[in-house]
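Trainee: Can you walk me through this model? I'd like to start with the pockets and then look at the core.

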Amino acid sequence: MERLLQYIWKYRLYADPELRTTEGFPVSVIDPGIQNTDAGPDFFNAKVCIAGAVWAGNVEIHRKSSDWQNHRHDKNPAYDSVILHVVAECDEPARRTNGEMIPHVVIRVPPEIERNMEWLLARDTVLPCAERIREIEPIHVSAWMSALLTERLERKTKDIFALLEEYANDWNEVFYVTLTRNFGFGVNSDAFGWLAKSLPFKDILKQRCNSLQIEALLFGQAGLLLDNNPDPYYQSLQREYVLLRNKYGLHPLESHLIKLLRTRPVNFPHLRLAQLAAVWVNNDTLFSKILEHTDFQTLQNWFNAPLSEYWDTHYHFKFASPARKKTIGANAAYVIMINTVVPILFAYGKIKNLPEYGARALQMLENIPPERNSLVATFANAGIKASNACETQALIQLRREYCEKKKCLYCRIGFRIIKSARPGEQ
């Protein structure tokens, strides 16, 4: 209820055409203020006119006015700047720490808004508003998609910043950890991320001229060289890993962390690690090259490096396959660029104050075809069809941060549906 009241206050959607304090003084809202998502009053820098006098300060919103005391705001000086207490029910006065009473105003939620909220929140589907999205004008959807893309890039940038702090601003190490994690392609992303953190990039670089040794390091650290396998190539990897493990003082992951169940052969972790090894065999200063080169096809080709011959006839150490080259392919390269190259460029541009790198990141997303997955298909069926990776990334942000968390109040699509007539009354 409190969130709904905040929403009503923010967008001035209260049912009463004229607001009055509980003492009967007229209230005019000049500016509802800026919503605060952290500790402290709900809205900062609001401006209201009460009985002809203009007040500037903060606004606090509760379901009942007694929540002021229940939350101990009357003992907290941070709430002394509150100029108006907005509630659905006034059952007792609210006071500042010095005993001064704070003006109260009671607001009512318009019935149609309450009905629309109940309709959205009661729907147990992945996209509650699916049948009404087509009612929203395309210009509003487009503007929201742009904002969602920015949100997603900012979220990924924070992940890069956290890694930079962890690795003392070593961009090459951060790129290596991010790339390795994303070679897990969802099902093994966490495990591959742990693998990268257990195997320093400098150890990879020291062996980069030897594909067998790089594979040995990656497979060994992943706990995939513990079997008694008579395969000659497998045994060569085992021997190399024993030497390298002792040389660098490495501690492998537990083998159960790597998932294979219900994974298609092209996404077997063994093949993905072999493809990752090929990237490092063919590229030592890949992060620097990405900063310097702007040609999209060149960037894509770097992730399609040729594998060692063994993998022409294998997806896994235990299973042979018909002979064919098993580079990651265009679609997988697109995923790597979306989740690794784009965030790295965006973060680098922000830290170095070089906006051209952020522009390159956005241009890259515009050049990449829309991602193909069930999430994107759900929105397409509802009427939002993506034309490039910019738009699919925006849709992923919408689904993960708004739809799944039932944050319809904070979604611009949800906002327009909530404030409209109830379904069936239009």
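Mentor: We'll take the pockets, then the nonpolar cores, then one helix. This is a predicted model, where local features need pLDDT of at least 70, side-chain atom pairs count only at pLDDT 80 or more, and totals for chains, interfaces and linings use all residues. Residues are numbered from 1 along each chain as its sequence is written, and side-chain values use heavy atoms, with hydrogens and water left out.

Trainee: What volume does the largest pocket have?

Mentor: About 1,500 Å³. A pocket here is an open set of points on a 1 Å grid over the protein atoms alone, where a 1.4 Å probe fits, with protein on both sides within 12 Å along at least five of seven lines. Grid points are joined across faces, edges and corners, and the volume is the space filled by probe spheres set on the points.

Trainee: Which residues are closest to its centre?

Mentor: Asn182, Phe185, Gly186, Val335 and Asn339, out of 46 that line the largest pocket. Lining residues have an atom within 4 Å of a point.

Trainee: Which helix gives the largest share of that lining?

Mentor: H13, with nine residues. Helix H13 spans 329-352. Helices are DSSP runs (H or I, at least four residues), numbered from the N terminus.

Trainee: And the lining by class?

Mentor: The largest pocket's lining has 20 nonpolar, 13 polar and 13 charged residues. Asp, Glu, Lys and Arg count as charged; Ala, Val, Leu, Ile, Met, Phe, Trp, Tyr, Cys and Pro as nonpolar; the others, Gly among them, as polar.

Trainee: What about the second largest pocket?

Mentor: Its volume is about 400 Å³. Of its 14 lining residues, Lys10, Thr37, Tyr402, Lys407 and Tyr410 are the closest to the centre. H4 gives the most to that lining, three residues.

Trainee: Switching to the core: which residues touch the most other members of the largest one?

Mentor: Trp9, Leu84, Leu179, Trp280 and Ile413, in a core of 135 residues. A nonpolar core is a set of buried Ala, Val, Leu, Ile, Met, Phe, Trp, Tyr and Cys residues joined through side-chain atoms within 4.5 Å. Buried means under 20% relative accessible area (1.4 Å probe, protein chains only).

Trainee: Which helix holds Trp280?

Mentor: H10, where Trp280 is buried. Helix H10 runs over residues 269-282, and 12 of its 14 residues are buried.

Methods
Helices (H or I, at least four residues) and strands (E, at least two) are DSSP runs, numbered from the N terminus. Buried means under 20% relative accessible area, exposed over 50%, partly exposed in between (1.4 Å probe, protein chains only). The expected span of a helix is 1.5 Å times one less than its number of residues.
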